[in-house]
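Hi there,

Here is the structure I promised to send over. Have a look at it first, and then read my notes below.

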Amino acid sequence: MSFGDPNNPYGQQQPPAPQGQPGYGYPNQAPQGIPPQGGYAYPQQAPQGQPGYGYPNQAYPGGPGGYPGMPMQMPGLLKTARVLLFIIAGLQLIVGAFALLGAAFLSSSDYTSSSASEVAAGLIAALALLAIAFAVWAIVLGVKFGKGGNATRITTIVYSVLFLLSSLANFANTGSNGTAGAAAGGVIGLAIGVVILIAAVNKDSVAWFNRPRY
């Protein structure tokens with residue numbers, strides 16, 4: 001089969017290229033189903049999960065009353081119990097100091113027998129020291145509310161129970177032969193003890209004392 005005159009000065013003519021075959025003056029075409037090389041038609045996708053590509057950094061969840069990413073805040077009821085502990089401690093320190101002064105005055109008094117005055121002075125001094133010890137305990141608990149753990153919460157429960165028992169004893173004594181003011185003081189003491197106990201067993205307080213520390 002001839003494809004032209006060999007004496008033609010323009011040279012031998014090329015046969016027509018078969019359809020779908022590369023070459024013969026036609027630009028190369030990529031086979032169907034294969035994307036073009038070089039990445040000019042499809043932009044590269046950014047790797048997922050890398051920070052700084054439009055994804056905000058993951059924040060730790062907040063605590064009771066807080067927002068995600070914020071540090072846990074002390075519950076309001078626990079703050080109230082903390083203030084009450086400091087108030088109780090101040091009152092107990094004042095009562096203990098005056099009781100010690102009364103015990104010292106009674107022990108040196110000349111109006112009573114020496115044996116009776118010594119017994120009364122010793123009893124008053126013991127109660128004064130007990131009040132001062134409870135005051136120091138309350139101050140330590142109030143201070144440790146900020147950084148203390150579950151042991152602080154359990155100790156607060158023990159303190160509140162003992163405070164309630166002492167308030168009940170005082171209320172019973174004042175109710176039988178005391179004045180109306182003493183009875184009101186007993187009621188206030190019971191209310192304070194209940195508030196401290198509820199604050200120590202509240203679920204938000206439990207979460208506060210068991211919070212992770214970094």
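What follows is a short account of the fold, the core and one surface patch.

This is a predicted model, so local features need pLDDT of at least 70 and side-chain atom pairs count only at pLDDT 80 or more, while totals for chains, interfaces and linings use all residues. Residues are numbered from 1 along each chain as its sequence is written, and side-chain values use heavy atoms, with hydrogens and water left out.

The protein has five helices and zero strands (DSSP runs: H or I of at least four residues for helices, E of at least two for strands, numbered from the N terminus). Of its 214 residues, 21% are buried (under 20% relative accessible area; exposed is over 50%, partly exposed in between; 1.4 Å probe, protein chains only).

The largest nonpolar core (buried Ala, Val, Leu, Ile, Met, Phe, Trp, Tyr and Cys residues joined through side-chain atoms within 4.5 Å) has 19 residues, and among those touching the most other members are Leu 85, Phe 145 and Tyr 159. Helix 1 gives the largest share of this core, six residues. Beyond its neighbours within four places in sequence, Leu 85 is in contact (heavy atoms within 4.5 Å) with residues including Ala 138, Phe 145 and Ile 196.

Helix 1 spans residues 76-107 and also holds Val 83. Val 83 is partly exposed, with a relative accessible area of 47%. Together with Ile 87, Leu 91, Ile 94, Phe 98 and Leu 101, Val 83 makes a nonpolar surface patch of about 630 Å².

Best wishes

Key
Patch = residues over 30% accessible without salt bridge, like charges linked within 9 Å, V, L, I, M, F, W, Y side chains within 5 Å. Areas by Shrake-Rupley, 256 points an atom, 1.4 Å probe, with all protein chains shown as cover. Salt bridge = Lys/Arg side-chain N within 4 Å of Asp/Glu carboxyl O.
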